[in-house]
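Work through the exercises below with the model open beside you, and try each task before reading its solution.

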Amino acid sequence: MFRIGPIVPSRPGRVGVIDIGSNSIRLVVYDRVTRSPVPVFNEKVMCGLGRGLGQAGRLAPEGVVQALDNLARFTRLLEGMGVDRVDVLATAAVREAEDGADFVAEVERRCGLPITVISGVEEARLSALGVLSGIREVDGVMGDLGGGSLELVGLDRGEIREQVTLPLGPFRLMDETGARKEARSVVLDTLAQQDWLQLYAGRSFYPVGGAWRAIAKLFMERENHPLHIIHQYTVPTGALAEFVGLVAKQSKGALSGAAISRRRVEMLPMAALVLEGVLKTLKPARVVFSALGLREGHLYDLLAPEDQARDPLIYAAAELAHRLDRFGHAEVVAEWTRSVFPEETADHARLRQAASLLSDIGWFEHPDYRAEHAWLRVLRMPVAGLDHAERVFLAAAVYVRYGGTLGDALTGPVLELLTEEMRSRVLLLGQALRLAHTLTGGATSLLERTSLTVSGESVVLALPPDEEALTGLAVDRRLDAVAKALGKPGRVVVEESRRAAG
């Protein structure tokens with residue numbers, strides 16, 4: 001039915017991953033296996049297979065029925081979507097239950113879906129790879145909380161080190177402990193046995209898993225954070241520790257008003273208690289939430305090493321540019337803007353390159369709304385490899401490129417995430433991108449024959465003699481805007497040496 005086995009990273013075929021966890025079963029279909037895979041379908045069902053497992057030793061009967069019904073639905077959807085490859089991964093509940101093997105056999109009989117029951121160590125490794133695939137310069141500890149277990153992995157400057165699976169999932173704690181005081185003691189005692197955690201004190205903690213993402217959403221709302229994107233939402237440890245301590249004390253009724261599913265709310269206090277214990281034990285300097293975990297780590301694991309080494313942001317921006325560019329060769333725009341930033345760092349150059357690749361993203365929108373659509377699209381791109389400030393930077397650069405004014409009603413609320421230095425730099429970059437597209441109408445074959453440089457005390461737009469007609473009032477205005485951002489006068493120069501260029 002489905003092709004099982006090795007997959008070529010460049011192959012355009014869609015791939016589906018089904019994650020059978022202790023609390024939820026999720027199907028995600030990706031466009032293909034690449035450095036920056038795009039989900040084209042995502043559905044979650046809260047079956048609660050692991051509910052009561054600690055006491056009964058078996059999967060929850062009601063959860064089994066729901067799981068089988070929904071896996072049959074997933075199978076039909078996959079067939080209809082023409083998905084080339086499907087990988088089904090089962091974690092803690094299925095591997096630990098007495099009837100786990102029977103469940104696997106029944107799924108394979110009904111749906112024809114081969115299931116891989118992964119070990120706790122493999123679950124930890126794949127979740128860690130998911131974090132590594134989506135966050136740059138990872139250094140600290142990854143924690144993936146499922147319904148039945150907690151996986152912790154030491155990540156030493158991007159290298160996977162210590163790995164452990166602990167029986168600290170919310171279902172397990174609810175089954176095996178009584179009062180929350182007892183559960184808190186179990187969590188702290190269990191974590192205290194992991195001596196290696198002290199090696200990572202003062203670094204970062206990377207939470208993964210649906211329950212901890214729900215906590216991140218609640219914390220965002222309390223803090224009035226202006227960008228509601230979980231991935232790389234970074235918070236100081238002290239404020240979060242205080243917050244999760246409060247959540248751990250709440251009843252299900254007190255939490256039911258939040259925009260969180262009923263079944264997720266049920267395990268939220270216990271998930272908060274586990275997070276509180278990790279923060280007390282690990283003492284990280286900051287907490288960086290990851291929206292990527294086991295499924296994304298599995299896809300990342302399928303890539304060749306040279307593809308894993310690619311930058312996910314630049315890869316995704318280049319892919320989008322090649323699909324949407326009117327005239328192609330968006331990389332030319334990045335090279336054209338480079339000379340305006342002669343002393344930029346590697347991180348700054350990376351953002352400038354990404355913004356340049358995305359600078360023609362709104363050409364097909366209604367002219368009155370191009371800036372707005374471009375801003376929202378870039379700000380909320382389903383792309384990894386950038387934190388919230390970097391998201392705002394990219395969106396702001398493209399917004400200015402389309403004539404938007406920073407600090408207006410649309411952009412003002414999130415600009416607080418940028419430092420003053422970033423605001424100055426993004427304004428200059430946006431104006432330079434605007435000049436590039438105005439000068440040539442987006443035709444990069446023309447742009448290659450011109451240059452923009454900072455020469456002495458002025459900003460110079462250089463043209464070959466046979467392209468002098470490219471100048472005009474619109475170009476003069478755009479050049480003046482770039483010059484103003486640099487605090488220098490602007491001028492157009494026709495260079496004889498460029499006659500043979502192009």
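**Exercise 1.** In this predicted model, find the residue of β7 that stands opposite D144, and then describe how the strands around it are paired.

*Solution.* Begin at D144, whose opposite residue in β7 is E151. Next, follow the two strands along their length: β6 (residues 140-145) and β7 (residues 150-156) run antiparallel and are paired over six bridges. The connection between β6 and β7 is a hairpin of four residues. Then turn to β9 (residues 204-208), which pairs with β6 in the parallel sense over five bridges, and where S204 is the bridge partner of G140. Finally, consider how covered β6 is: a residue is called buried when its relative accessible area is under 20%, and six of the six residues of β6 are buried.

**Exercise 2.** Determine the order of the strands in the five-stranded open sheet, and explain why β3 and β5 each have one side without a neighbour.

*Solution.* Reading across the open sheet gives the order β3-β2-β1-β4-β5, with mixed pairing. Because β3 (39-45) and β5 (115-117) lie at the edges and each has a single partner strand, one side of each has no neighbour in the sheet. From one strand to the next, the twist averages 15 degrees.

**Exercise 3.** Describe how β1 pairs with β4, and identify what packs on the sheet there.

*Solution.* First, β1 (residues 15-20) and β4 (residues 85-90) run parallel and are joined by six bridges, and within this pair D19 stands opposite L89. Second, helix α12 (residues 294-302) packs on the sheet, where it touches β1, β2 (25-30) and β4. The direction of α12 makes about 135 degrees with that of β1.

Notes
Residues numbered from 1 in each chain as written. Predicted model: local features only at pLDDT ≥ 70, side-chain atom pairs only at ≥ 80, totals over all residues. Heavy atoms only, no water. Pairing = 2+ DSSP bridges. Axes fitted to C-alpha atoms, helices over the stretch in contact; angles between N-to-C directions. Contact = heavy atoms within 4.5 Å. Buried < 20%, exposed > 50% of the residue type's maximum accessible area, 1.4 Å probe, protein only.
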